[in-house]
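Reader: Hey, got a minute to go through this one with me? I'd like to begin with how two of the helices sit against each other.

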Amino acid sequence: MKDKNITARFEHINGHFKNISLDCPIPGFCSGSMQDLFINCFNQTWNTCQQCGVGREAAFMIGMIIIGLMIFFGNALVVCIGYRRWKRDDLSRLDICKVSLAFADIITAFQFLVVIPNNIVWSMKLTPAELIKRWLVLKRSPEAHAGGMFLMFGVTSSIFHLLFVAMERFYALIKSANYVSVQQKSMIIGLSVVWSASILASTGAAWFPHSYEFRYFPAAFLFIPGYTESHHTAAATAAWVVLYVIPFILLLVSCAAGVVFVCRNGKKRAGKNSPLFNRKKHITALKTIVFMQIGFTATTIPTFVVAFSNFLHQSDCAVSDRAYMIAFYIGMANSLVNVIIYSLRHQKFRDEICDIFKPGSLRKKAAKSALQLQTKTNQSNTHSVTDKL
């Protein structure tokens, strides 16, 4: 009789969650289907359930903390290097953008280090039925709004920063004479607009409470915005397109336009616009932006693939939400990709990192390079004198 009652309650709950995406009320790292987990662990808390357990919880939390620390310290290094260059009066416009983007990525580190572990702890202390009740309480709550908007703020700030940097690089290439006269103050104003736009976009779902809602996503231990069960309006869809889709498309177009411009013009315009404009340097910067764009796209594609796959065919709740969980975290890990790109592409960036941990190493390397250059110059002068004799 007890098993029949549990099965009946599961079927009722499953019917409620079946047509709602990103709402499977089970932790993502638990093994088994929703039915197996709900029936086997009905009277147990998630952390005592054999298919979840404290071991899985600890391993998952440690993984989140490690990723968060990598994102935090990686971007903190970018900020530190930017500060050191500013002190040396060697801070470029691109460096300002990188530092601002690093602060945006640190927001994601906060998600991994604070938000996700906290949500794991309280979620795993509940039974399946208690977690569902908690899910209903949190739905559209102030806590859900704050958590959802904070998550979206990290996403939108990255998109708008990359868009700004890509457009800035493209302008530097096509209007090099004008770009030389652009002051750093203008860059700071532009980045202020970027941050304002990011805040505005992150609150977009709150503008249409009848079409969107913020709720807890237990599989990934995050608060997210999503469609309500009722029909969403055309205005809400248009807002989603304007705030999220169009900026991403513009980002792709800006990078592609910069690449096409460089390929078509080659070295023809090099040095013609202004002797102060280092075209090679800006082309190198454009390549870095293209790699950043590739990294951003590669880490966000899994979310769209999973969403589209789930749209085409209804899959098991636990399976689809585990896929969403993995895709979500891959997308959030993009905050570490930029630091990796800087490290792989720029020897100067790597040297400055070494100088932070080994003070004076950069100065010694510069002195060594100067000595080698002087030696080569002396040797060249000696050979020249010898040839004349």
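Author: Sure. Keep in mind that this is a predicted model. H12 and H13 are roughly perpendicular to each other, because their axes cross at roughly 105° and angles of 65 to 115 degrees count as roughly perpendicular.

Reader: And how close do the axes of H12 and H13 come?

Author: They come within 5 Å. H12 covers residues 334-345, and H13 covers residues 347-357.

Reader: Which residues meet there, H12 against H13?

Author: From H12 you have Val 339, Tyr 342, Ser 343, Leu 344 and Arg 345. They meet Gln 347, Phe 349, Arg 350 and Ile 353 in H13. The residues of that contact divide into five nonpolar, two polar and two charged.

Reader: Let me pick on Ser 343. What does Ser 343 touch, leaving out residues up to four places away in sequence?

Author: Ser 343, which is found in H12, touches Phe 349, Arg 350 and Ile 353.

Reader: How far apart are Ser 343 and Ile 353 in space, C-alpha to C-alpha?

Author: 9.0 Å, with the two residues ten apart in sequence.

Reader: OK, switching to strands. In which sense do E1 and E2 pair, parallel or antiparallel?

Author: Antiparallel, over six bridges. E1 is residues 212-217 and E2 is residues 222-227. Within that pairing, Phe 214 stands opposite Pro 225 in E2.

Reader: What's in between E1 and E2?

Author: Four residues, and the two strands form a hairpin. In the turn, Phe 221 has a positive phi of about 60°.

Reader: Last topic, holes. How many cavities of 30 Å³ or more turn up in the whole structure?

Author: One. The largest cavity has a volume of about 30 Å³.

Reader: Which residues line the largest cavity?

Author: Pro 25, Ile 26, Met 34, Phe 38, Trp 46, Pro 128 and Ile 132. That lining divides into seven nonpolar, no polar and no charged residues.

Reader: Which helices each supply at least two residues of the lining?

Author: H2 (34-40) and H5 (128-138).

Technical notes
Residues numbered from 1 in each chain as written. Predicted model: local features only at pLDDT ≥ 70, side-chain atom pairs only at ≥ 80, totals over all residues. Heavy atoms only, no water. Axes fitted to C-alpha atoms, helices over the stretch in contact; angles between N-to-C directions. Parallel < 35°, antiparallel > 145°, perpendicular 65-115°, else oblique. Contact = heavy atoms within 4.5 Å. Nonpolar A, V, L, I, M, F, W, Y, C, P; charged D, E, K, R; others polar. Pairing = 2+ DSSP bridges. 1 Å grid on protein atoms, 1.4 Å probe; cavity = no way out; pocket = protein on both sides within 12 Å on 5 of 7 lines; lining within 4 Å. Points joined across faces, edges and corners; volume = space filled by probe spheres on them.
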